[in-house]
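Student: Please pick one part of this model and go through its packing closely. I would like to see how that part sits within the whole chain.

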Amino acid sequence: MQRKMFIVNNSIYKILKKLFFLIFDFIYLYRVKLKTQKIGENKHSVSTFIKYTATVQSFLESDKRFRRFRQSPFYKIVLEHVNYDLAQKYLKQVKIFSDGQSFVPYFDAMVRNDRVGSPELYKFDFGSVSGTSLRYCKVYLEIKSLFDINRIKDIAEIGGGYGGQALIFDTLHKPLAKYRIFDLPVVIKLIELYINSYYLNSSFSANDINSLCKGRSFDLVISNYAFSELPRNLQEIYMNKVILNSRCGYLTMNTGLVNKSDKMISSENKLKRYTSDELIKKIRGARLIREVPLTSKNNYIIVWGTN
Ligand SMILES: C[S@@+](CC[C@H](N)C(=O)[O-])C[C@H]1O[C@@H](n2cnc3c(N)ncnc32)[C@H](O)[C@@H]1O
């Protein structure tokens, strides 16, 4: 009886402690947000509107927070939210794409990516890795299967999170010369902090899209759950400055899918963001492929320049 009471009290204590830290974090982030509010055009995507930039700012202000940033509950809402079930599905894809090759380089690349930010690790028979690293590894291998990978030396990524996809490419893709991420100013600082925790094989930069000169071209543009979430006026900027200047492309989209039965929704959507139909028309050689595993009902991937 006493033991049962102890267990109950202990769990209540743990829940209260979590709640306290959550409230504390919320107040802290609200104060950071007030400090960092800006006047000007809205540059945010749908998933980054609430508390995201304040959360990222808090990682920059405290070394302790940066060391554990991948466990932050607010950061997990936008990124770092692959659960164990989904991680297993990514692992299945990694195994399919790497069939016949050694798994060791992929495991090493994921372990390297998990060295910074204290992510939650899942245990598998080969070792422990985070769900996000598995996702980045799957994306790398899918890209490798779609394109003539040896010709891809110069990569641009729109909305790079903390830079994990870039790091996976740096580790695994030997011909890589230059990887550039375009993201929000505060996120660029986090990316730089993260990426500069490593010595790279390739060259790397993270910038605001305003710094990109007209006429610059890329071998490949990647954007996963980022370009698709931007407001249309910003999508147009990225379209003209990056996407239409990239020989190959891989964009995981979570908006804009046009269903034949959905004409009303699609015409309304058209005003907010590019639809899948528009993208296919606008980007030469673009086609839709399935997102596997499918992370949301209407997701899809746009690819072009496959040969
Ligand atoms: C849902 S996260 C996806 C991150 C990463 N692609 C991944 O797969 O883990 C959306 C990304 O878009 C970025 N983002 C938001 N607004 C942006 C903007 N105006 N320009 C570029 N990136 C932006 C966010 O900072 C974040 O890195």
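Tutor: Of the 307 residues in the chain, 37% are buried (20 or more other C-beta atoms within 10 Å of the residue's own, with C-beta atoms placed from the backbone). The model is predicted, and local features need pLDDT of at least 70, side-chain atom pairs count only at pLDDT 80 or more, and totals for chains, interfaces and linings use all residues. Residues are numbered from 1 along each chain as its sequence is written. The chain holds 12 helices and 9 strands, taken as DSSP runs numbered from the N terminus (H or I over at least four residues for helices, E over at least two for strands). Among contacts in the chain with a separation of 6 or more, 68% are between residues 24 or more positions apart; a contact means C-beta atoms, placed from the backbone, within 7 Å.

The part to examine is the sheet, with the helix that packs on it. The sheet is open and has 7 strands in the order 5-4-3-6-7-9-8, with mixed pairing; strands count as paired if DSSP finds at least two bridges between them. Its edges are strand 5 (203–207) and strand 8 (287–289), each of which pairs on one side only. From one strand to the next the twist averages 20°.

Strand 4 (residues 178–182) is mostly covered, with 4 of its 5 residues buried. Strand 4 and strand 3 pair in the parallel sense over 5 bridges, and Ala156 has Arg180 of strand 4 as its bridge partner. Strand 4 is also joined to strand 5 by 5 bridges, and these two strands run parallel. Here Phe182 is partnered by Asn207 of strand 5. Helix 8 (residues 164–172) packs on the sheet, touching strand 3 (154–158), strand 4, strand 5 and strand 6 (218–224), and its direction makes about 175° with that of strand 4. Such angles run from 0 to 180 degrees between N-to-C directions, with axes fitted to C-alpha atoms, for helices over the stretch in contact.

Helix 8 also meets helix 6 (residues 104–113): their axes come within 9 Å and cross at roughly 140°. Helix 6 and helix 8 are therefore oblique to each other, a label for angles outside the classes of under 35 degrees (roughly parallel), over 145 (roughly antiparallel) and 65 to 115 (roughly perpendicular). Their crossing is right-handed, the near helix being turned clockwise from the far one by less than a right angle. On the helix 6 side, Pro105, Ala109, Arg112 and Asn113 meet Gly164, Leu167, Ile168, Thr171 and Leu172 of helix 8. By class, this contact has 5 nonpolar, 3 polar and 1 charged residues; Ala, Val, Leu, Ile, Met, Phe, Trp, Tyr, Cys and Pro count as nonpolar, Asp, Glu, Lys and Arg as charged, and the others, Gly among them, as polar.

A second helix pair gives a comparison. Helix 5 (residues 84–97) and helix 7 (residues 131–146) pack at about 30°, with axes 9 Å apart. These two helices are therefore roughly parallel to each other, and their crossing is left-handed. Helix 5 contributes residues including Leu86, Tyr90, Val94 and Phe97, while helix 7 contributes Leu134, Cys137, Lys138 and Leu141, among others. The contact of helix 5 with helix 7 has 9 nonpolar, 3 polar and 3 charged residues.

Lastly, helix 2 (residues 52–61) is largely enclosed by the rest of the structure, because 7 of its 10 residues are buried. Those residues are Tyr52, Thr53, Ala54, Thr55, Val56, Ser58 and Phe59.

Notes. Two residues are in contact if their C-beta atoms, placed from the backbone, lie within 7 Å. A residue is buried if 20 or more other C-beta atoms lie within 10 Å of its own, exposed if 12 or fewer, and partly exposed in between; C-beta atoms are placed from the backbone.
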